[in-house]
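Grab a coffee and work through a few short exercises on a protein model. Try each task yourself before reading the solution.

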Amino acid sequence: MTTDQPHILLLAGTFEARVLAKKLEEKFSGVRLTASFAGAVKDLPDLGVPTRIGGFGGIEGLCQHLQTEKVSLIIDATHPFAAQMSWNAFHAAERENTAILRLERPAWQQAPNDLWHPVASMGDAADAIPEGAHAFLAVGRKEIATFYRRGDIIGTARMIEPPPVPLPSYWSIVLARPPQSAEEEVELFKEKGITHVVTKNSGGTRAYAKVEAARQMQLPVIMVDRPDLPSTDTAATVNGVLNWTDRFMNT
Ligand code: NAP
């Protein structure tokens, strides 16, 4: 395999990126494809394609990587809250004149029976929890410490790996990926005595069960809006990315 072939850098970390790796490999068999993970989670899925793990070293580091690896297309399939990576990719692509496409799954929309309280940031979410609440915090291991200042609530936090700063001693932690059924979430919320749910508006189906469970139990959901993302070309689905890539490869 030579470095003169088209080279796609797939910024991974989502379920869609996993599906994309397989489909890109199938559809563009002559094209070099490399996936990239931040490496925050230890049990990374095997995408079945060459994979690198760890940050690039900001915009400069990514520019260097694009040059060295002769990347012709970046597909940004990171999580909608991984805004730093998306902005770095946007700026590096601009500097290196590299094509870029972001897979942006649609945000969740409030249904008629949902009791949503939208907020703009994790800090606002922490402020929005009422005194005495038992909050289910599905906010990520990096962001959980924002909630520790709320000594007047109880938190149950779910995350895949433990946080860098341990939870307050009287809070509880569930180390797991989100379940796929609302029934499991209802069971957990009942067992813990959850009164409020705090979540990022991640979109997609993989983390939606908690929102459905909250609807069924008529629990208020403090919904953290997505951060601003760069105005690159976007596709909402895996198929959309494949079609865009097809056009790109044939121009
Ligand atoms: P971030 O704040 O956008 O990224 C921080 C740094 O991590 C980036 O600047 C980059 O380091 C590195 N990085 C991120 N994604 C990378 C990738 N695919 N390949 C190589 N390096 C990558 O994102 P985050 O800290 O990972 O997460 C922010 C939020 O997104 C959290 O709420 C998290 O729960 C959620 N999330 C992220 C991912 C993910 O795969 N990133 C997956 C699920 C959920 P350098 O600047 O050194 O290049």
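Below are two exercises, one on a strand and its neighbours and one on a cavity.

This is a predicted model, with local features needing pLDDT of at least 70 and side-chain atom pairs pLDDT 80 or more, while totals for chains, interfaces and linings use all residues. Residues are numbered from 1 along each chain as its sequence is written, and side-chain values use heavy atoms, without hydrogens and water.

**Exercise 1.** Work out how strand β10 is covered and what it pairs with.

Solution.
- Step 1: β10 spans residues 196–200 (a DSSP run of E, at least two residues, for strands; H or I, at least four, for helices).
- Step 2: five of its five residues are buried (under 20% relative accessible area, 1.4 Å probe, protein chains only).
- Step 3: H196, V198 and K200 point one way, V197 and T199 the other.
- Step 4: β7 (residues 134–138) runs parallel to β10, joined by four bridges (pairing takes at least two in DSSP). Here L137 sits opposite V198.
- Step 5: β11 (residues 220–224) is also parallel to β10, again with four bridges, and V197 has V221 as its bridge partner.
- Step 6: β10, helix α6 (residues 209–217) and β11 form a right-handed β-α-β unit (clockwise from the first strand over the helix to the second, strands pointing away from the viewer).

**Exercise 2.** Describe what lines the largest cavity.

Solution.
- Step 1: the largest cavity has a volume of about 90 Å³.
- Step 2: 13 residues line this cavity, and T78, H79, P80, L103 and E104 are the closest to its centre.

Note on methods. Buried < 20%, exposed > 50% of the residue type's maximum accessible area, 1.4 Å probe, protein only. 1 Å grid on protein atoms, 1.4 Å probe; cavity = no way out; pocket = protein on both sides within 12 Å on 5 of 7 lines; lining within 4 Å. Points joined across faces, edges and corners; volume = space filled by probe spheres on them. Nonpolar A, V, L, I, M, F, W, Y, C, P; charged D, E, K, R; others polar.
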